[in-house]
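Reader: I'd like a close look at one part of this one, please: the protein surface that sits by the DNA. Walk me through it strand by strand, and then tell me how the rest of the model frames it.

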There are 2 protein chains.
Amino acid sequence: MTESERLDATFTALADPTRRAILARLMESDASVMELAEPFAMSQPAISKHLKMLERAGLISRGRDAQRRPCHIEGEALKEATGWLEQYRNVWEGNFRRLDALLEDLQSTRGRPKRDN
Amino acid sequence: MTESERLDATFTALADPTRRAILARLMESDASVMELAEPFAMSQPAISKHLKMLERAGLISRGRDAQRRPCHIEGEALKEATGWLEQYRNVWEGNFRRLDALLEDLQSTRGRPKRDN
DNA sequence: ATATTTTATAACTATAGTGTTATGTATCTG
DNA sequence: CAGATACATAACACTATAGTTATAAAATAT
């Protein structure tokens, strides 16, 4: 899977409130499918499908404990998604295009920046 | 729109490689629909639909310049998505559940942690 | 062996996403 | 005014998601 495909799968998996709630629950501890299903007004197969998408994205892994398949949260996919978003930090922190503006300014005035900026 | 709905819209918008590429392009500068469409082997209406999803998620805003509708990247939605992901930082940085383990340990041994942990 | 518990899968419905072509609308240009 | 340019929207096809119920399969418990 390419990085782009992994990001597709990860962001798709994160784009659903049930799956985000499942991840939040798994922060507390590993949990079986039944335990994860309990808070939701939804059938068990529906939860199993959500878990499948989370697993496909690498956001969870699954073990074995008797009949149970305990789910465990995995960090790598979350790390990659966060890494991708980080490249936009400047956009929301307000220092976006200040450098661009400065460079353009330097170019147009040949090293004599305008005062009003 | 609730925060959950905004996260739905944002992660859905980010779950497509064309839309991620458009955002990357908009880091360089604002751009018209035609300019954004140019690199892609895709019709103009397809790009317009992608832009609609980005706009719905608040990831871009649109201005007016004669016939053109220049697109501008917006930071807030990206910030909210990153903020949500940040709560999982410990998971991928490896310090996840170390505190949990320590607390459980303290509880079970009444303040006398086991050595092997 | 049989029954129970836990989970997965199949078949189905409904809705949403992604693309197409054709066409409509707004703005500029000659 | 007429044509060109930039963009949006409608109608359509196809695929993917999200849920359902019914059933199968795996492991445990009696």
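Author: Sure. Keep in mind that this is a predicted model. Let's begin with DNA strand C, where the surface nearby is made up of nine nonpolar, nine polar and four charged residues. In total, 22 residues surround that strand, and the closest are A:Ser32, A:Met34, A:Pro45, B:Ser43 and B:Ala66. Both chains are in that list, and the helices tell a similar story: helix H3 (33–37) and H4 of chain A, plus H4 of chain B, each supply at least two residues of the surface near DNA strand C. H4(B) gives the largest share, five residues.

Now flip over to DNA strand D. Around this strand there are again 22 residues, and A:Ser43, A:Ala46, B:Ser32, B:Met34 and B:Pro45 come nearest. Here the elements giving two or more residues are helix H4 (44–56) of chain A along with helix H3 (33–37) and helix H4 (44–56) of chain B. The largest share comes from H4(A), with five residues. By class, the surface near DNA strand D has nine nonpolar, nine polar and four charged residues.

One residue from the strand C list deserves a pause. B:Ala66 has a positive phi of about 60 degrees, even though it isn't a glycine. That's worth a second glance, because most residues other than glycine have a negative phi. B:Ala66 is found in the loop between strand E1 (60–62) and strand E2 (71–73) of chain B. It counts as exposed because B:Ala66 has 6 other C-beta atoms within 10 Å, and the cut-off for exposed is 12 or fewer. Over in chain A, A:Ala66 also has a positive phi of about 60 degrees, and A:Ala66 lies in the loop between strand E1 (60–62) and strand E2 (71–73) of that chain. A:Ala66 is exposed too, with 6 C-beta neighbours inside 10 Å.

How do the two protein chains relate to each other? Chain A can be laid on chain B with an RMSD of 0.1 Å by a turn of 180 degrees and a shift of 0.0 Å along the axis. That is the relation of a two-fold axis. In chain A, the C-alpha nearest the axis belongs to A:Phe11, at 2.6 Å from it.

As for where the chains touch, 21 residues of chain A are in contact with 21 residues of chain B. On the chain A side, helix H1 (3–14), helix H2 (17–28), helix H5 (76–86) and helix H6 (89–93) each supply at least two residues. That side of chain A divides into 12 nonpolar, four polar and five charged residues. And 100% of the interface residues of chain A are also interface residues in chain B, so the copies meet through the same surface.

Finally, zoom out to chain A as a whole. UniProt, in an unreviewed entry, places the feature "domain: HTH arsR-type" at residues 1–93 of chain A. Over residues 1–93 the chain is 62% helix and 6% strand, with the end C-alpha atoms 32 Å apart. The domain assignment of chain A gives domain 1 (3–86) and domain 2 (92–117). The C-alpha centres of domain 1 and domain 2 of chain A lie 44 Å apart.

Key. Residues numbered from 1 in each chain as written. Chains lettered and ligands numbered in written order. Predicted model: local features only at pLDDT ≥ 70, side-chain atom pairs only at ≥ 80, totals over all residues. Least-squares fit on C-alpha atoms with pLDDT ≥ 70 in both. Contact = placed C-beta atoms within 7 Å. Domains from an automatic or database assignment. Near = placed C-beta within 6 Å. Helix = DSSP H or I, 4+ residues; strand = E, 2+ residues; numbered from the N terminus. Nonpolar A, V, L, I, M, F, W, Y, C, P; charged D, E, K, R; others polar. UniProt positions renumbered as here; feature names shortened; annotations may be inferred. Buried ≥ 20, exposed ≤ 12 C-beta atoms within 10 Å, placed from the backbone.
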